[in-house]
Amino acid sequence: MPVAILAHDRQPATIPLPAAPRGGSTSRAGPEAPPVERAEITSGLLRGSACLSPKYFYDQRGSELFEAITRLPEYYPTRTERAVLLRHAGAIAQTVGTHGVVIEPGAGSCDKARVLCRLLRARQYVAIDISADYLQGAVARLRAALPGLDAWAVGGDITAGMQLPPGIAARDRLVFYPGSSIGNFDPPAALALLQRMHELAAGEGGGILIGIDLPKDVAVLQAAYDDAAGVTAEFNRNILAHVNRLIGADFDPRQWRHEAFFNTAESRIEMHLAACGPQRVRWHGGERDFAGGERIHTENSYKYPLPVFMDMLARAGFHAPQAWTDKRGWYALVHARA
Ligand code: AVI
């Protein structure tokens, strides 16, 4: 019997391009974030080189914009990963084996889980995501598509420890982390997250199936993170509207320019927001002046060579890794045993 941890079902608005919130995103209201998050956000804004964690992209609108990104012609990771899964479905099912429980941190739309749960004939599915409202709708749709699946939605930050609902079997767990989301963590944080996932899957028959975006032609990478339709730019700017609500700030997102480039030395795409002109931003308990062109670093997206990533998996405690890639070698799905 599927049980929802979260209180309400809500269908997301129509994709591809969700509307900006009404009433202007610059109006200041009381801060919505708990004190720990407010402290994290404001300390990032007050740094010499300002930064925001990419986890703040994903309010309701940000999640919808990300879904729109995954359908862009330039954004290859989502469709390439799907192609890898379909191309190697037989081999993946054979290697991964039957798993009673699929656990998906950062589940988002749960679209990929639909394919995987079918393929592995999973009995239980746990979706975890920071954007709780969005997740609730996605899990409701999954339940409708796979009525025999005991599907749970858990709102939470995967980096802050993952508490599973009671009743989730301890053995045969597969942690499913698709979408190359591991690339959004700096390497030490990525290793710590893999170690957490290893703990989750440590019971008998446990494992991980994870998506990795591999290094490739810089022009391909650049276009994927700076698309012609400007959806990624909108996604990037939306973080400011979200931060406005979280800390009671008065950012005007229209006064910030999207920038994305490949940092070859670090093997990562970097996304930034650059101030279109000098501006003062205020929030409850603080303020900062930004010069024209000054940037806020909003995201890194690491592109790991396969051997480097395999080594990281081993350091997190996983063994017997196996990888499947697409024909162009752009993307890999990696399975390893806990
Ligand atoms: C969620 N994550 C894997 C995406 C990525 O490709 O790093 C987020 C994203 N940022 C811009 N476009 C997509």
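Which of the 14 residues around the ligand come nearest? In this predicted model, they are Tyr75, Asn184, Tyr225, Glu299 and Ser301.

**Figure 1. Polar side-chain atoms beside the ligand in the predicted model.** Two of the close approaches are to nitrogen atoms of the ligand: a polar side-chain atom of Asn184 is found 2.8 Å from a ligand nitrogen, and a polar side-chain atom of Glu299 is placed 2.7 Å from a ligand nitrogen. For Tyr225, the partner is an oxygen atom of the ligand, which lies 2.5 Å from a polar atom of the tyrosine side chain. On its own the ligand has 340 Å² of accessible area, and the protein covers 98% of it.

**Figure 2. The shell of residues around the ligand, with the elements and domains that supply it.** Helix 2 (60-70), helix 9 (231-247) and strand 11 (295-302) are the elements that each give two or more residues to this shell. By residue class, the shell divides into seven nonpolar residues, six polar residues and one charged residue. Both domain 1 (35-73 + 219-302) and domain 2 (75-215 + 303-337) take part, since at least three residues of the shell are drawn from each of them.

**Figure 3. Asp59 in the loop between strand 1 (50-51) and helix 2.** With a relative accessible area of 8%, Asp59 falls under the 20% limit and is therefore buried. Its side chain makes a polar contact with the side chain of Asn238, at a distance of 2.9 Å. When neighbours within four places in sequence are set aside, the residues in contact with Asp59 are Ser131, Asn238, His242 and Arg245.

**Figure 4. Arg288 in strand 10 (residues 286-290) and the residues that it touches.** Arg288 has a relative accessibility of 12%, and because this value is under 20%, the residue counts as buried. The side chain of Arg288 makes a polar contact of 2.7 Å with the side chain of Glu294. Not counting residues up to four places away in sequence, Arg288 touches Leu45, Leu46, Arg47, Gly48 and Ala50, together with Gln279, Arg280, Val281, Trp283 and Glu294. Of these partners, Ala50 is separated from Arg288 by 238 residues in sequence, while the C-alpha atoms of the two residues are 9.9 Å apart in space.

Conventions
Residues numbered from 1 in each chain as written. Predicted model: local features only at pLDDT ≥ 70, side-chain atom pairs only at ≥ 80, totals over all residues. Heavy atoms only, no water. Near = heavy atom within 4 Å. Polar contact = N/O pair within 3.5 Å; in protein donor to acceptor, adjacent residues only side chain to side chain. Areas by Shrake-Rupley, 256 points an atom, 1.4 Å probe, with all protein chains shown as cover. Helix = DSSP H or I, 4+ residues; strand = E, 2+ residues; numbered from the N terminus. Nonpolar A, V, L, I, M, F, W, Y, C, P; charged D, E, K, R; others polar. Domains from an automatic or database assignment. Buried < 20%, exposed > 50% of the residue type's maximum accessible area, 1.4 Å probe, protein only. Contact = heavy atoms within 4.5 Å.
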